[in-house]
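Trainee: I'm new to this one, and I'd like every label explained as we go. Let's start with the empty space inside.

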Amino acid sequence: MALPDRISVEEFFAPPARASVTLSPDGTTLAYLAPWKGRLNVWTESVEAPGDARCVTTEPRGVLGYHWTDDPRWLLYTGDQNGDEHWHLYRVDLADPDADAVDLTPVAGARVLELDLPAGRPGKVVVQANLRDLAEVDLTELDIATGARTPLVRNFGGGSWTYGPGGDVLKVAPTPGGDLELSCRDAATGASRALAVFDGTDYPMGIHPLEITPDGTGVWLGSNRGTDLTRVVRVDLATGEETEVDSHPDLDLDPRSRVSPRFPSPFIRDRRTGELTGVRYLGERQVIRALDPHFAEVLANLEKLSDGDVASLSSDESGQRWVVGFTHDRDPATYLYDHSTGESRLLFRSRPGLDPGALAPMTPVTVPSRDGLSLPGYLTLPNGIAPERLPMVLFVHGGPWTRDSWVYSPVAQLFANRGYAVLQVNFRGSMGYGKAFAKAAIGEFAGKMHNDLVDGVRWAVEQGYADPDRVAVMGGSYGGYAALVGAAFTPGVFAAAIDVVGISDLAHFLRSQPGFLKSELSYNWHLYVGDPADPRQEADMRARSPISRVDQIRVPLMVVQGANDARVVRAESDNMVEALRARGVPVEYTVMEDEGHTFDNPDNALALYRAVDRFLAEHLGGGGALGTR
């Protein structure tokens, strides 16, 4: 047996050929992300005349996502500069191919936090942004065609929200005691009244989703009030009464869209009426429950097109023509389906240059923790060689209030192609497994949360998959913190560690949070880790910080940081690296000068994973020792 042919880093990490494919409201035009000068930009193409593709944005940094408006003439997208998260909102005129994109928020220093395209306000978009005063976040309505601004709510602040068809604003914001209050602001009077209060400790990522009903009399949201799992409820705007709409007996609502725009909302709605037609739940794989007979028929036919999970989903306003993207561990693809004829065709494979047969399956596994929890996870084993005593990478997700799931992972595929086993453990605190599982992480940074990761390594060794002397830990954000904790708190477990934009000093990290995030800290970071304003809590945070155990680090370490990171600021990495080098400990340190908390420039992603490939080959002895192609 032998490893399959070596696949280059570029083939795994270059921008996909197509991504985020959607259908215009009238069903005539496809929009999608595809490379323009090596960066993902928005393209359009006629459904009836495939091949007439036209690039409609030319952003040098690329575009992460876009929005159709009610008028198929206009597309909207957001963009920042070098990862600084000062997001502006841009408009594209599809009727004028030569026109430049128009910045609808042309204020230096502005930051668009959220936007909504309310069904009752054609031609308008509502943004939560600091356009009037950089120190205050307002709710402002923008005319998409002209850019004219209409103030709605001054000093609106943070929190999640949705805009009703009659102009009412539904908002979820923290109370002084750390709970979450759902309120309704009356459009006519400007007065706000509380509708419901939720226990903040049950919602570390806030109330999600939050979408107003088409008739404007209620709001659909994800609630775990009185239950462990999150279900769909309707809150009546007149009475505040909460009524269950749908639930799954064993699974949570799919939580992934709360953190990443790569994933769709768990609510599937009729494009014309706005009614709720389906709900996404997530276990080892996704489960969709259809709430509407027509959508149930459509879904049954869509699911025959691929053995993947239904991801992006859009239709024309008649509900007959559909575009569906499938998540898949080896072959994500997008199809066009016509329900009136039953005909379908493959539109795009995301990565046509990769042979799915040469890629490694991602297999759901369950790891037992030392204190009796069942830890869901995923194991990716290299093709072509016996899965015995392999070098292994423990790849830790960020957040920590998110989760790993069954998707195409270029990281896992690269490592498997080089001969490594890849283990991804959804440790306690990961979302989507009920609130008890999430709350089990309170006070457990560098404690039981880390024990879960170590237990994953021990499980892989006991199963015979991993060589205990050749295990590396890698992650980004919280995963970077976990990598540093692995190197500093359990150095005997890991042969190498890779930290990408990770936290080294918990107290410093919380003190340096940007203003637009500080209102949310009470029900997540302060609850789970502590408030550095309290000296006792600060001392505990210091004890759980890798910077306090620099003298214990003896394994090879790579640190990578975005210079413009607003969430985990550069000092987190600088201070750690300086402390290590002061002790004479070698550390490989790279700062990406044009990146923030995520690395959106494909050149930087390629540089990072070429370096990771070499680093792991040097310290684990995997297939990367053969060099890169």
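Trainee: Which residues lie nearest the centre of the largest cavity? And what makes a set of points a cavity?

Mentor: The ones nearest its centre are Gly206, His208, Thr230, Pro255 and Met431, out of a lining of 24 residues. The space counts as a cavity because a 1.4 Å probe fits at its points, on a 1 Å grid over the protein atoms alone, but cannot get out. A residue belongs to the lining if it has an atom within 4 Å of a point. Keep in mind that this is a predicted model, where local features need pLDDT of at least 70, side-chain atom pairs count only at pLDDT 80 or more, and totals for chains, interfaces and linings use all residues. Numbering starts from 1 along each chain as its sequence is written, and side-chain values use heavy atoms, leaving out hydrogens and water.

Trainee: How much space lies in the largest cavity, and which elements each supply at least two residues of its lining?

Mentor: It holds about 270 Å³, and that volume is the space filled by probe spheres set on the grid points, joined across faces, edges and corners. β21 (252-253) and α4 (435-439) each supply at least two lining residues. Those labels are DSSP runs numbered from the N terminus: strands (E) of at least two residues, helices (H or I) of at least four.

Trainee: How does the lining of the largest cavity divide by class?

Mentor: You get 11 nonpolar, 7 polar and 6 charged residues. Ala, Val, Leu, Ile, Met, Phe, Trp, Tyr, Cys and Pro are the nonpolar ones, Asp, Glu, Lys and Arg the charged ones, and the others, Gly among them, go down as polar.

Trainee: How many cavities does a search of the whole structure find?

Mentor: There are 5 of 30 Å³ or more. The second largest has about 80 Å³, and its lining includes Arg269, Asp270, His294 and Trp322. By class that lining splits into 2 nonpolar, 4 polar and 5 charged residues.

Trainee: What makes a set of points a pocket instead?

Mentor: A pocket is an open set, with protein on both sides within 12 Å along at least five of seven lines. The second largest pocket here has a volume of about 310 Å³. Its lining has 18 residues, with Val137, Gly157, Gly158, Gly515 and Ser519 nearest the centre.

Trainee: Which element gives the most to the lining of that second largest pocket?

Mentor: β14 does, with 3 residues. β11 and α8 (515-518) also each supply at least two. Across the whole lining you'll find 8 nonpolar, 7 polar and 3 charged residues.

Trainee: How many bridges join β14 to β15, parallel or antiparallel? And why do we say two strands pair?

Mentor: β14 (residues 169-174) and β15 (residues 180-185) run antiparallel and are joined by 6 bridges. Two strands pair if DSSP finds at least two bridges between them, so this couple qualifies. One bridge sets Ala173 against Glu181 in β15. The two strands make a hairpin with 5 residues between them, and Gly178 in the turn has a positive phi of about 95 degrees.

Trainee: How many bridges join β15 to β16?

Mentor: Again 6, and β16 (residues 192-198) runs antiparallel to β15. Leu180 stands opposite Phe198 there. This hairpin has 6 residues between the strands, and Gly190 takes a positive phi near 80 degrees.

Trainee: What is the order of the open sheet that starts with β9, and which are its edge strands?

Mentor: Its 4 strands go β9-β10-β11-β12, with antiparallel pairing. β9 (112-116) and β12 (149-153) are the edges, as each pairs on one side only. β11 (residues 136-143) pairs with β12 over 4 bridges, with Thr140 opposite Pro151.

Trainee: Last one: why is Pro332 called buried?

Mentor: Its relative accessible area is 14%, and buried means under 20% (exposed is over 50%, partly exposed is in between, with a 1.4 Å probe and protein chains only), so the label fits. Pro332 lies in the loop between β26 (321-327) and β27 (333-338). Leaving aside neighbours within four places in sequence, Pro332 is in contact (heavy atoms within 4.5 Å) with Phe326, Arg349, Ser350 and Tyr408.
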